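Work through the exercises below on backbone geometry. Each task is followed by a solution in steps.

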Amino acid sequence: MNIGANLRAVLAAKGVAQEEVREALGWDADTLDRVLSDRLSPGISELLRLATWLGVGISRLLGEEEERARRAVKTGRNERVGVDRREFLHYESLAHAFAGRHIEPFVVDLYRAQAPPEVSRHPGEEFLFVLSGTLQVTVDGEVFHLEEGDSLYFDSVLPHALVSLSEHCRMVAAFYKGESMLQLTKGHGMKRVIEAARLAPRRSLVLVSPDAASMKAVNKGIEEGILERVFLVGDPARVRESCASLLIFEKQYRFVPVTGDDVEREAARRGVELIASGTGDLLMKGALNTAVLMKAVLSRKEGIGSGRRLSNVSIFELPGVERLIFLTDPAINPELFAHQEASSAIDIIDNAVQVARALGVERPKVALLEANEVPSENIPTTLLEQELSNRQWPHAEVSGPLSYDLALYPDAVAKKGLEGNPVAGRADIIVVPHISGGNFLYKSWVFTMGAEVANVVLGAKAPIILTSRSDSDLTKFLTICASSLYSHYLQRTV
């Protein structure tokens, strides 16, 4: 990826000196010079860190911002991007430069093939117009013969296959995808997360006990280019019956049959085994009890525990706050401090720091939340938070106790005279002392403020996705994106 010219333009527009870039990303002068001159392409994680620090979308660094702003983009005959599939199919994109498009138009050359035709299914609608030759299209068992000048429009979620009846058939094909999640996402921070997940190598996801809600989520991950394959762990017959209309990406699915008296427990064990062997990158819960899955995850003999406390980190884009906010723990740990020991909270904080770094925050600022900022024996957790605040943290700034307003809002910091505090008013991570406080914040942000959110369970050898029935489709998709990026982070740091 060549971003040199685009990066120079962004730095000039924002008045940012190159020295500031080097300091923020830890690059030396030679590295930055090579990036600016397109002699070195930054990795996905570095691109995300750079975009996050500059406060721009990844698309702007990739040069797509200008195209998105245009009302019309011409694609010349010699500007088409062509792709060959085997020896019988060639297609050229007619609008590759128009970013955020909902329609994918192609010129397609199809040749007579000896092998049986490929059967496809994908969300959206499809339009074919034959320019030359003769084409046979089968849609959900119904056969259509098209000659030059004929056209066909159909629902592409139905199984369909194309065969050239002549030696060569040329057509215009247009695929309508509908709105992508990138267009549905409101905040710039979450858009960067989606863009980065799309650019990163695709992940393999293990789905334990698939149901309709979880299948919709993984299908969106496949459709948006985040997931390469999905292992469906459970009874194949039951999955095909309960999710019949959702099994639209047969090439990406791998059925992992599970039988026995306790199918749920065996499915959890088998799913964890796929992660432990390195076959899968992400573990996702479908229609089974969370406790059953977590017991398999934490099994001393066959599990994927890392020796650290598991914790949930919820990633928010809050209205009026110009950065992602990471909240922990609103879902798993009843208390931050086990046995009233400050050291017991280190894993939960480190988990949050890791996922923040994975999503582009180079050195996260961590606020240990309390009712007020003054340590008091009347509130024992404030003393433990003060102890944590005094500890050395190699990859983060940690401060506490801090009240909610002092953690997030600079105006409150100025009024209370805490300007010298490195975290106050600028926190990236909010750590709550009890699960009830985290749960209250989570639900008020989501239901009252309409905040966008993703949830990741950390502390194991791979990210775990625990979806809730109340989660929106966007939340589930953002969770897959964030988990994918965290999975890459784990692989880089092991």
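**Exercise 1.** In which loop is the place of His339?

Solution. His339 sits in the loop between S15 and H13. Helices here are DSSP runs of H or I with at least four residues, strands are runs of E with at least two, and both are numbered from the N terminus. The model is predicted: local features need pLDDT of at least 70, side-chain atom pairs count only at pLDDT 80 or more, and totals for chains, interfaces and linings use all residues. Residues are numbered from 1 along each chain as its sequence is written, and side-chain values use heavy atoms, with hydrogens and water left out.

**Exercise 2.** Describe the backbone and the accessibility of His339.

Solution. Take phi to begin with: the value is near 60°, positive in a residue other than glycine. Then take accessibility: His339 has 73% relative accessibility and therefore counts as exposed. The classes are buried (under 20% relative accessible area), exposed (over 50%) and partly exposed (in between), with a 1.4 Å probe and protein chains only.

**Exercise 3.** Treat Asp38 in the same way.

Solution. Asp38 is not a glycine, yet its phi is positive, at about 60°. The residue lies in the loop between helix H3 (29–36) and helix H4 (44–54). Its relative accessibility is 35%, so Asp38 counts as partly exposed.

**Exercise 4.** Place the cis peptide bonds at Thr328–Asp329 and Gly400–Pro401.

Solution. Thr328 and Asp329 are joined with omega about 0°. Asp329 belongs to the loop between strand S15 (324–328) and helix H13 (346–358). From Gly400 to Pro401, omega is near 5°, and Pro401 is in strand S17 (residues 397–402).
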